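Q: Can you walk me through this one? I'd like the overall picture, then a few details.

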Amino acid sequence: MNIIQNWLRNKVFVRIATLIIIVVLLISIRSVLQLLLFTFIIAFLIGRAQQILKRKLRINSTFGLVVIYIALLSLIGFVGYLYIPVIMIEVTELVQRLMYFYKHPPDNTFVTYIVDNLKRVKSPENTQQNINLAYGYLSNIGRVSTQLFLALLLSLFFLLGKSPIRRLFTQLEQSKLGRFFQEMEYLGRKFVNSFGKVIEVQFIIAFVNSVLSVIVLWILGFPNLLALGVMVFVLGLIPVLGLLISLIPLCTIAYSLGGGIKVLSILIMVVVLHALESYVLNPKLMSSKTNLPAFITFIILIFGEHFLGIWGLVLGIPIFIFFLDLIGIDADKSSKIK
């Protein structure tokens, strides 16, 4: 009994036990975990926008929140009505173009060598299965749209009810399970300060990359700009690896449009975007949180994809940064250790 009481008095033990309980709870509700992730990301980003409006324009928080949601819903409705059908058509055309190039490569020794080696790694049947899987995701867009709508509602209720939620947690921290809720509050604060901010940086970088990419692709005469812009934005949410993955479809389309010169243009564009991300955006936005060695980044992405699937590619780095922050390690200083 004394041993258990000593453990409960140990702050490190209680913190680790609380973290394990939270992880077990998240695993037990994994069927709605995607909805919770959407809700957290939307609530965090809109909460940041609300703070900026309050600080810059000196307007009431609730009024600013209502303005943001009205503007956001109006934008979603406008884009959904005008551009979602166009994007769906362009994505279909883009996939068909890539499949045609893969099955009927041009009469070029280098390109034929690359395609043949790709076929050795993955047979055309497996490639077709992956394409069918992509179509399955597209056809499942209704379910994702429903989750996004629910996440918007939940984030609105959360942001409107932040004060009552804080009061409830204050009462819980004074209850018989107060130690547990105190650690939950601490972990939640750390989670928002590290995980949330890294997610914010990834969204900003992905948006900037997609806008600049669409401008360059428009100058180069690429078709399906909306679909390519969406692709670059989604892949841009994957640190480092996203830009490299985007090279495959972009170089394929570039070669079919203008041969080696177009491919060279795309390579230059990706190098410039990577330099912009590495030396301008990341240091300016949050260097101490995202400056990880490339090898560590790739290892995290591999394990993240293995355990969490597609979400692991997006959330692997933020989760890793959260744990570094939790144990008091600065990612910027650790990356300089030789």
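What follows goes from the overall make-up to the cores, one helix and some single residues.

A: Keep in mind that this is a predicted model.

Q: Fine. How many helices and strands does the protein have?
A: It has 16 helices and 0 strands.

Q: And what share of the residues is buried?
A: Of the 338 residues in the protein, 33% are buried. The protein exposes about 20800 Å², and carbon and sulfur atoms supply 71% of that area.

Q: What about contacts along the chain, how many join residues at least 24 apart?
A: The figure is 73%, taken among contacts between residues at least 6 apart in sequence.

Q: On to the cores. How many residues are in the largest nonpolar core?
A: There are 41 residues in the largest nonpolar core. Those with the most contacts inside it are Leu217, Phe222, Leu228, Leu250, Ile266 and Met269.

Q: Which helices supply at least two residues each?
A: Helices H3 (33-57), H10, H11 (225-236), H12 (241-258), H13 (260-290), H14 (294-308) and H15 (310-326) each do. H15 gives the most to this core, with 8 residues.

Q: Which residues is Leu228 in contact with?
A: Not counting neighbours within four places in sequence, Leu228 is in contact with Leu94, Leu217, Phe222, Pro223, Leu250 and Ile253.

Q: What does the second core include?
A: That core is separate and has 10 residues, including Leu65, Ile68, Leu152 and Leu159.

Q: Back to H15. How many of its residues are buried?
A: 12 of its 17 residues are buried, so H15 is largely enclosed by the rest of the structure. Among the buried ones are Gly312, Leu313, Val314, Ile321, Phe322 and Asp325.

Q: What span does H15 reach, and what is expected?
A: From its first C-alpha to its last, H15 reaches 25 Å, close to the 24 Å expected at 1.5 Å a residue.

Q: Where does H15 bend?
A: The bend is at Gly316 and is about 45°. A proline, Pro318, follows within four residues. Both Gly316 and Pro318 are on the list of buried residues in H15.

Q: What follows H15?
A: Gly328 follows H15, and its phi is positive, near 80°.

Q: Switching to aromatics. How many aromatic pairs are found in the whole structure?
A: A search of the whole structure finds 7. One of them is Phe40 with Phe191, a tilted pair at 5.1 Å centre to centre with 55° between the planes. This pair links distant parts of the chain, since Phe40 is in helix H3 and Phe191 in helix H10, 151 residues apart.

Q: Is Phe191 buried or exposed?
A: Neither: Phe191 is partly exposed, with a relative accessible area of 26%.

Q: Which residues do ring pairs link into a cluster?
A: The cluster holds Phe40, Phe44, Phe191, Phe322 and Phe323. Phe322 is also among the buried residues of H15.

Q: Now Leu45. Where is it found, and what does it touch?
A: Leu45 is found in helix H3. Leaving out residues up to four places away in sequence, Leu45 touches Glu200 and Phe203. The C-alpha atoms of Leu45 and Glu200 are separated by 6.7 Å, although the two residues are 155 apart along the chain. Leu45 is partly exposed, at 26% relative accessible area.

Q: And Val211, where does it lie?
A: Val211 lies in helix H10, which covers residues 178-219. Its relative accessible area is 35%, so Val211 counts as partly exposed. The C-alpha atoms of Val211 and Gly229 are 7.0 Å from each other, with their positions 18 residues apart along the chain.

Q: Two serines to finish. Is Ser155 buried or exposed?
A: Ser155 counts as buried, because its relative accessibility is 0% and the cut-off for buried is under 20%. Its place is in helix H8, residues 141-160. Beyond its neighbours within four places in sequence, Ser155 is in contact with Thr39, Ile42, Ala43 and Tyr69.

Q: And Ser246, which residues is it in contact with?
A: Ser246 is in contact with Met231 and Leu235, again leaving aside neighbours within four places in sequence. Ser246 is found in helix H12 and is buried, with a relative accessible area of 2%.

Definitions and conventions: Residues are numbered from 1 along each chain as its sequence is written. This is a predicted model: local features need pLDDT of at least 70, side-chain atom pairs count only at pLDDT 80 or more; totals for chains, interfaces and linings use all residues. Side-chain values use heavy atoms; hydrogens and water are left out. Buried means under 20% relative accessible area, exposed over 50%, partly exposed in between (1.4 Å probe, protein chains only). A nonpolar core is a set of buried Ala, Val, Leu, Ile, Met, Phe, Trp, Tyr and Cys residues joined through side-chain atoms within 4.5 Å. Contact means heavy atoms within 4.5 Å. The expected span of a helix is 1.5 Å times one less than its number of residues. The bend at a residue is the angle between axes fitted to the seven residues ending there and the seven starting there. Accessible areas come from the Shrake-Rupley method with a 1.4 Å probe; for residues, only the protein chains shown count as cover. Rings of Phe, Tyr and Trp (its six-membered ring) pair if their centres lie within 6.5 Å; planes under 30 degrees apart count as stacked, over 60 as edge-to-face and the rest as tilted.
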